[in-house]
Amino acid sequence: MNIVLDGTSDASAFAITGLPYASLSTATSSQGGFISYTNTSFTNPIRVLVSSTTTNGFLYEQDGGVLTYNEFGNDKNIRITFVYFT
């Protein structure tokens, strides 16, 4: 997916909702993926965490902190590819 963020201020967690299948009940994270973004202020790699038995994913810095829309900044592009178990 390719996401283009506008200038809207939003401090909520960056969420990917409506995945086509619910994740496996033992799954606590994505099993592989690639994220590219135009914001270079992040010091740790970005990961996707898919919540157990849901169709929702969230973006986290590798150190464990959940990311918000505001942290990516205005007019930024994010490209995401990831795999999760269902």
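1. Helices and strands here are DSSP runs, with at least four residues for a helix and at least two for a strand, numbered from the N terminus. Keep in mind that this is a predicted model. On that footing the chain has one helix and six strands, and reading along the sequence gives β-β-β-β-β-α-β.

2. A few whole-chain numbers for orientation. The chain has 86 residues, of which 28% count as buried. It exposes about 5,000 Å², with carbon and sulfur atoms supplying 52% of that. Among contacts with a separation of 6 or more, 73% come from residues 24 or more positions apart.

3. Have a look at E1 and E6. These two strands pair in the antiparallel sense, over three bridges. If you want a place to start on screen, pick Val4: its bridge partner in E6 is Asn77.

4. Staying with E6, which residues make up its covered face? In this strand (residues 77–83), Ile78, Ile80 and Phe82 do, while Asn77, Arg79, Thr81 and Val83 form the uncovered one. That fits the textbook picture, as side chains in a regular strand alternate between the two faces of the sheet. Asn77, the bridge partner of Val4, belongs to the uncovered set.

5. Now the aromatics. A pair of rings is described by the distance of the centres and the angle of the planes. The count comes to two aromatic pairs. One of them is Phe14 with Tyr69, at 4.7 Å centre to centre and 35° between the planes, a tilted arrangement. Why does this pair tie together parts that are 55 residues apart in sequence? Because Phe14 sits in the loop between strand E1 (2–4) and strand E2 (15–16), whereas Tyr69 belongs to helix H1 (residues 69–72). Are the two rings' residues buried or exposed? Phe14 is buried, at 2% relative accessible area, but Tyr69, at 24%, counts as partly exposed, because the cut-off for buried is under 20%.

6. The other pair is Phe82 with Tyr84: the centres are 6.0 Å apart and the planes are at 35°, so this one is tilted too. Phe82 counts as buried at 15% relative accessibility, and Tyr84 is buried with a relative accessible area of 15%. Phe82 also appears on the covered face of E6.

7. One backbone point to check: Thr53 has a positive phi, about 55°, although it is not a glycine. Where is Thr53? In the loop between strand E4 (46–50) and strand E5 (57–61).

How values were computed: Residues numbered from 1 in each chain as written. Predicted model: local features only at pLDDT ≥ 70, side-chain atom pairs only at ≥ 80, totals over all residues. Heavy atoms only, no water. Phe/Tyr/Trp six-rings, centres within 6.5 Å; stacked < 30°, edge-to-face > 60°. Buried < 20%, exposed > 50% of the residue type's maximum accessible area, 1.4 Å probe, protein only. Pairing = 2+ DSSP bridges. Contact = heavy atoms within 4.5 Å. Areas by Shrake-Rupley, 256 points an atom, 1.4 Å probe, with all protein chains shown as cover.
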